[in-house]
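Good morning, colleagues. I should like to walk you through one structure, beginning with its interior and ending with its cysteines.

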Amino acid sequence: MEWKTICDTSEVGTGKSKEFEISGKKILVSNMNGKFYAIDALCSHMGGELGKGKIEGKDVICPKHHAKFDVTTGKVDKNINGFVKAITRKDAKDLSSYEVKEEEGKLSINI
């Protein structure tokens, strides 16, 4: 893994998330009360773009089938509903999370 500088801290407002492509991976960076977190930006169920999802508390909601992921850990907080699960035969799984550091007003991710 290596540290990659991605943006100024001001680019990700408090309570907001922003998607970045780093080393060929889509990563969602979130600012929760001034602390920054990074997780995979594609839903593990069917690839929904979490960067287009709504932030609700510490969760991002997938715009496709409404699975909820904790932006601080990548863990599934609420899986897809039973009907969608029956049709797709697939659950949402926990996402990878990445270390984030803030230095001199810049954010870097260990990826």
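By a nonpolar core I mean a set of buried Ala, Val, Leu, Ile, Met, Phe, Trp, Tyr and Cys residues joined through side-chain atoms within 4.5 Å. Please bear in mind that what you see is a predicted model.

Let us start with the interior. The largest nonpolar core has 16 residues, and those touching the most other members are Leu28, Ile39, Leu50, Val60, Phe69 and Val71. Strand E3, residues 25-32, and strand E4, residues 35-40, each supply at least two residues of this core. A second core, separate from that one, has 13 residues, including Val12, Leu107, Ile109 and Ile111.

Which residues does leucine 50 contact, once its neighbours within four places in sequence are set aside? Its partners are Leu28, Asp40, Ala41, Leu42, Cys43, Val60, Cys62, Phe69 and Leu95.

I turn now to the strands. Strands of a sheet pair through backbone hydrogen bonds, either parallel or antiparallel. Here we have an open sheet of four strands in the order E2-E3-E4-E9, and the pairing is antiparallel. Strand E2 (17-22) and strand E9 (97-98) stand at the edges; each has a single partner strand, so one side of each is left without a neighbour in the sheet. For E9, the pairing with E4 is antiparallel and consists of two bridges. Isoleucine 39 has serine 97 of E9 as its bridge partner.

There is also a hairpin to consider, made by E10 and E11, with two residues between the strands. E10 covers residues 100-103 and E11 covers residues 106-110; the two run antiparallel and are joined by four bridges. Glutamate 103 is bridged to lysine 106 in E11. Within this hairpin, glutamate 104 takes a positive phi near 50°.

A word on the aromatic rings. The structure holds zero aromatic pairs. Tryptophan 3 nevertheless has lysine 101 lying over its face, at 4.4 Å from the ring centre.

Finally, the cysteines. How many disulfides are there? The count is zero. Why is cysteine 43 not bonded to cysteine 62, which holds the closest cysteine sulfur? The two sulfurs are 3.9 Å apart, which is too far for a bond, because a disulfide requires the sulfur atoms to be within 2.5 Å. Cysteine 43 counts as buried, since its relative accessibility is 6% and the limit for buried is under 20%. Cysteine 7 likewise counts as buried, at 5% relative accessibility.

Thank you for your attention.

Technical notes: Residues are numbered from 1 along each chain as its sequence is written. This is a predicted model: local features need pLDDT of at least 70, side-chain atom pairs count only at pLDDT 80 or more; totals for chains, interfaces and linings use all residues. Side-chain values use heavy atoms; hydrogens and water are left out. Rings of Phe, Tyr and Trp (its six-membered ring) pair if their centres lie within 6.5 Å; planes under 30 degrees apart count as stacked, over 60 as edge-to-face and the rest as tilted. A charge sits over a ring if NZ of Lys or CZ of Arg is within 6 Å of the ring centre and within 35 degrees of the ring normal. Buried means under 20% relative accessible area, exposed over 50%, partly exposed in between (1.4 Å probe, protein chains only). Contact means heavy atoms within 4.5 Å. Two strands pair if DSSP finds at least two bridges between them.
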